[in-house]
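Me: I should like to learn how to read the pockets and side-chain contacts of a structure. Please take me through one case.

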Amino acid sequence: MADDSQEPRRHRIIWTEAVDGRERYQLLTSLVVPRPIGWVSTRGRDGVPNLAPFSFFSAVASSPMLVSLAIGKRGGVAKDSLRNILDQETFCVNVVTEAHLDVMNRTAAGLPPDGDEFDFAGLAVAEAETVDAPYVAACPAVLECELFKQVDLGEAGGLVLGEVKGVRLDPALPVVDGSAFVDSEGLRPVGRLWGSAYSLLGEIRIVPRPEF
Ligand SMILES: Cc1cc2nc3c(=O)[nH]c(=O)nc-3n(C[C@H](O)[C@H](O)[C@H](O)COP(=O)(O)O)c2cc1C
């Protein structure tokens, strides 16, 4: 039954400075949900392709078309994806769909810098057209990006803004009539909840904007 009381709830307040980093991470990632997953493909200086998922990922603007990625550190050192993006100034964001949920998870393995997650996960690699970066050949929707801006987050790693130079779409993906919206039922996107929990597409509700 809906709780329509207008009384303020008796909330429990957690001061973020009073809890440890693990608890802050658990609170943040279970409350900012579901998050899209940017499945990021890059190339290292040695030419080896790299692939890893990042759910601190968001759309930022449409003109120019910008996306953001926050990439943490591992053992105090920048993760391969961040290092490659800063070196090469290009990357691709592969949209994670239901069909790729398990294989996406495999690519989160912390391989050494010269490890190839495409190979490790049994995924074919292809080359983007508008930027010099690899992408997941079997992915139905890919954002081909150029580095737009980088913000050093200190201990938290780096925030990267990428400008989408090309949108790669499988022609079999349906679009909403009379628009460029890709139909979510056809795309079947996956969202990240907490830890190893993910959300699949549920019921879609169309809620028109109110008119004044
Ligand atoms: C669904 C999912 C989302 C993730 N999101 C992030 C994230 O937003 N930021 C981050 O630093 N690591 C994130 N990780 C962990 C990285 O994918 C993992 O550390 C990976 O090994 C990094 O690879 P790299 O060193 O090749 O860049 C995520 C893992 C999974 C499975």
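Reply: Let us begin with the pockets. The model is predicted, and its largest pocket holds about 770 Å³ of space. Among the 25 residues that line this pocket, Val95, Ala141, Leu143, Val182 and Leu187 are the closest to its centre.

Me: Which element gives the largest share of the lining of the largest pocket?

Reply: Strand β4 does, with five residues. At least two residues each come from β4 (57–62), β5 (65–71), β8 (90–95), β11 (141–152), β12 (158–169) and α5 (184–187).

Me: How do the residues of that lining divide into nonpolar, polar and charged?

Reply: The lining of the largest pocket has 23 nonpolar residues, two polar and no charged.

Me: How should I read the second largest pocket?

Reply: One proceeds by volume, lining and class. About 650 Å³ of space lies in the second largest pocket. Its lining comprises 30 residues, of which Pro53, Phe54, Ser55, Lys79 and Arg192 are the closest to the centre. Two or more lining residues come from each of α1 (21–31), β3 (49–54), β5, α2 (80–88) and α3 (101–106), and β3 gives the most, with five. By class, this lining has 16 nonpolar, eight polar and six charged residues.

Me: How many aromatic pairs does a search of the whole structure find?

Reply: A pair of aromatic rings is described by the distance of the centres and the angle of the planes. In this structure the search finds zero such pairs. A ring may also be examined for a charge over its face: Arg106 lies over the face of Phe120, at 4.5 Å from the ring centre.

Me: How many salt bridges does the structure hold, and how does one read an individual bridge?

Reply: There are nine salt bridges. For each, one may consider the N to O distance, the positions in the chain and the accessibility. The side chains of Arg168 and Glu144 meet at 2.9 Å, N to O. This pair links distant parts of the chain, 24 residues apart, with Arg168 in strand β12 and Glu144 in strand β11.

Me: Is Glu144 buried or exposed?

Reply: Glu144 counts as buried because its relative accessibility is 2%, under the 20% cut-off. Arg168, at 23%, counts as partly exposed.

Me: What do other bridges show?

Reply: Glu203 and Arg205 form a salt bridge with their closest N and O atoms 3.4 Å apart. Glu203 is exposed at 67% relative accessibility, and Arg205 is exposed at 64%. Bridges may also share partners: Arg43, Glu127 and Asp132 are joined in this way into one network.

Conventions: Residues numbered from 1 in each chain as written. Predicted model: local features only at pLDDT ≥ 70, side-chain atom pairs only at ≥ 80, totals over all residues. Heavy atoms only, no water. 1 Å grid on protein atoms, 1.4 Å probe; cavity = no way out; pocket = protein on both sides within 12 Å on 5 of 7 lines; lining within 4 Å. Points joined across faces, edges and corners; volume = space filled by probe spheres on them. Helix = DSSP H or I, 4+ residues; strand = E, 2+ residues; numbered from the N terminus. Nonpolar A, V, L, I, M, F, W, Y, C, P; charged D, E, K, R; others polar. Phe/Tyr/Trp six-rings, centres within 6.5 Å; stacked < 30°, edge-to-face > 60°. Lys NZ or Arg CZ within 6 Å of the ring centre and 35° of its normal. Salt bridge = Lys/Arg side-chain N within 4 Å of Asp/Glu carboxyl O. Buried < 20%, exposed > 50% of the residue type's maximum accessible area, 1.4 Å probe, protein only.
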